Amino acid sequence: MSRIGNKILSLPKGVELKCEKGLVTVKGPKGTMTQPIDVDMSITIEDGTVTVKRPTEQKRHKSLHGLTRALVSNMITGVSEGFKREMELVGVGYRVSNTGNLVEMSVGYSHPIVFAIPSELKVETVTEKGQNPKIILTGSDLQLLGQICAKFRSFKSPEPFKGKGIKFVGEVIRRKAGKAAGKK
């Protein structure tokens, strides 16, 4: 029994969903998204609600059931409200700036890192005195947003001794004592 797959989705006002031959298309105020899905899964739309059904109880169909429902849910949320992720650069001398969708950051290497953001996402950088520099990413595609955040994090992942690196705002880094603490 798939708990996620059996949940019923509600369509907000202004959002249209079409499903034909393994391709789901969702239109809303923030744009249009398409996602290929398995042809075995059936999606029904009735009175502003969306239901995902699986044909059999096979393991493959059970695993695709929850996945399909989650993908459709993320598409509906993305085109109606959108998604937002905030990341901060923690470290002395770490800086970030952007010109359009081109992000340039200095995170302790001998050269600055220049990264081009896809046009589907919007990027904003905030640098306030006394605060860590922030990168704010917004968009309607949750998969793409997560992938770009993971790429940023891979440039300088947070380390457990001093906590320096690129992390999400509000994320707690588990700290280690270091070798000086063992000698006392």
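**Reading the strands, sheet and pocket of a predicted model**

The protein has 2 helices and 13 strands. This is a predicted model, in which local features need pLDDT of at least 70, side-chain atom pairs count only at pLDDT 80 or more, and totals for chains, interfaces and linings use all residues. Residues are numbered from 1 along each chain as its sequence is written, and side-chain values use heavy atoms, without hydrogens and water.

Student: What makes residues 9-10 a strand, β1?

Tutor: Strands are DSSP runs of E with at least two residues, helices are runs of H or I with at least four, and both are numbered from the N terminus. Residues 9-10 form β1, so the run meets the minimum of two.

Student: How do you know that β1 and β6 pair?

Tutor: Pairing requires that DSSP find at least two bridges between two strands. β1 and β6 (residues 49-53) have 2 bridges in the antiparallel sense, and Leu 9 stands opposite Val 50. Strand β5 (residues 42-46) also pairs with β6, over 5 antiparallel bridges; there, Thr 44 stands opposite Thr 51. The hairpin of β5 and β6 has 2 residues between the strands, and Asp 47 takes a positive phi near 50 degrees.

Student: Why are β11 and β13 said to stand at the edges?

Tutor: The open sheet of 4 strands has the order β11-β12-β7-β13, with antiparallel pairing. β11 (122-126) and β13 (165-168) each have a single partner strand, so one side of each is left without a neighbour in the sheet. The twist averages 20 degrees from one strand to the next. For β13, the pairing with β7 (residues 83-90) runs over 4 bridges, and Phe 168 is the bridge partner of Met 87.

Student: What is the angle between helix α2 and β7, and how is it defined?

Tutor: Helix α2 (residues 142-155) packs on the sheet, touching β7, β12 (134-139) and β13 (contact: heavy atoms within 4.5 Å). Its direction makes about 5 degrees with that of β7. Axes are lines fitted to C-alpha atoms, for helices over the stretch in contact, and angles run from 0 to 180 degrees between N-to-C directions.

Student: Why are 4 residues in the lining of the largest pocket called charged?

Tutor: Asp, Glu, Lys and Arg count as charged, while Ala, Val, Leu, Ile, Met, Phe, Trp, Tyr, Cys and Pro count as nonpolar and the others, Gly among them, as polar. The lining includes Lys 30, Glu 81, Glu 120 and Lys 122, and therefore these count as charged. The lining divides into 1 nonpolar, 5 polar and 4 charged.

Definitions and conventions: 1 Å grid on protein atoms, 1.4 Å probe; cavity = no way out; pocket = protein on both sides within 12 Å on 5 of 7 lines; lining within 4 Å.
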